[in-house]
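Visitor: I am new to this structure, and I would be glad of a careful walk through it, one question at a time.

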Amino acid sequence: MNAATYVKRFLLANKADGITYRFPDVSGAMAEVDSTLRTAAAAGDEDADLACRCLADIWYNISVAWERNQRSMEMMDSKVPISNEDRMALRTAERLLDARAAEYPQERRDSIRELVADVPGLLKAVTLPKDLKEYVARLVREVGTALDEYELTGDFKLDIAFTRLQTSLNIIAATPKDEKSQRTVMEFLQKRVVPCVAAVGFALGALADSATILEYLGYSPAQIESHEPRKTPEPPASDIPQAVQASDAHPENPQSDE
């Protein structure tokens with residue numbers, strides 16, 4: 001299920017369906033819809049350009065549904081009507097999102113599960129600030145939940161969660177530590193992180209190899225072997241759309257728990 005389908009199902013939801021929709025998931029999915037339509041419109045897609053005119057109304061309907069559900073993080077009934085124009089806009093977004101290659105095929109999800117299973121061991125093996133370890137541990141739980149709910153929420157939720165975790169691991173790599181801990185982190189990047197990003201070529205193309213991706217993360221194989229001073233890696237650019245801003249939809253926008 002792509003993000004547009006998820007939003008549409010939420011806006012048409014009623015308790016009889018027996019499906020629970022979390023507000024952070026709905027707003028995250030809508031943010032992807034928004035970004036997809038605006039990007040396509042900027043590239044000259046006329047249908048997307050027309051659909052963009054409905055974005056404010058769809059955002060508003062989501063905020064109304066949240067209010068009518070007493071600002072609950074979990075909702076089973078949208079309690080709002082959806083116009084034919086809004087439906088057409090979401091269908092355009094569905095078409096665009098379906099045209100994209102799947103970002104998380106089974107092979108990549110399996111690699112991420114192995115990564116998630118091994119992160120706790122990494123945290124125990126290296127010297128890091130306690131707060132950083134606790135933060136990464138929370139992100140691991142978030143990714144695990146996103147993997148479990150993949151069939152319901154699709155790529156958008158997993159992409160958000162995995163990008164946060166990947167960025168946090170980059171932070172760990174850049175955090176000053178003893179030589180043994182640093183080598184442990186670098187080996188972890190090679191063994192567990194690289195397969196996750198390489199499964200779909202990440203931002204480097206399908207033929208990118210492990211060494212190239214490590215360079216992208218801010219390291220070189222020579223540095224790993226010789227323990228030379230490392231470059232500080234910059235977090236990878238993320239295509240994740242930002243969560244809905246308060247000015248776009250409602251006065252108070254809760255943040256998804258990390």
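**Surface, core and one serine**

Guide: In this predicted model, the accessible surface of the chain comes to about 13,000 Å², and carbon and sulfur atoms account for 49% of that area.

Visitor: How many helices and strands does the chain have?
Guide: Read from the N terminus, the elements follow the order α-β-α-α-α-β-α-α-α-α-α-α-α-α. Counted by kind, they come to 12 helices and 2 strands.

Visitor: Which helix supplies the largest share of the largest nonpolar core?
Guide: The largest nonpolar core has 37 residues, and V7, L11, M30, V33, L37, I58 and I62 are the ones that touch the most other members. At least two residues of this core come from each of α1 (3–11), α2 (23–42), α3 (46–52), α4 (55–68) and α5 (84–99). The largest share, 9 residues, is supplied by α2.

Visitor: Which residues does V33 touch, leaving aside those up to four places away in sequence?
Guide: V33 is among the members of the largest core that touch the most others. With residues up to four places away in sequence left out, V33 touches A3, A4, V7, L55, L90 and A93.

Visitor: Does S111 count as buried or exposed?
Guide: S111 is found in helix α6, which covers residues 106–125, and beyond four places in sequence it touches P195 and C196. Because buried means under 20% relative accessible area, and S111 has a relative accessibility of 15%, S111 counts as buried.

Technical notes: Residues are numbered from 1 along each chain as its sequence is written. This is a predicted model: local features need pLDDT of at least 70, side-chain atom pairs count only at pLDDT 80 or more; totals for chains, interfaces and linings use all residues. Side-chain values use heavy atoms; hydrogens and water are left out. A nonpolar core is a set of buried Ala, Val, Leu, Ile, Met, Phe, Trp, Tyr and Cys residues joined through side-chain atoms within 4.5 Å. Buried means under 20% relative accessible area, exposed over 50%, partly exposed in between (1.4 Å probe, protein chains only). Helices (H or I, at least four residues) and strands (E, at least two) are DSSP runs, numbered from the N terminus. Contact means heavy atoms within 4.5 Å. Accessible areas come from the Shrake-Rupley method with a 1.4 Å probe; for residues, only the protein chains shown count as cover.
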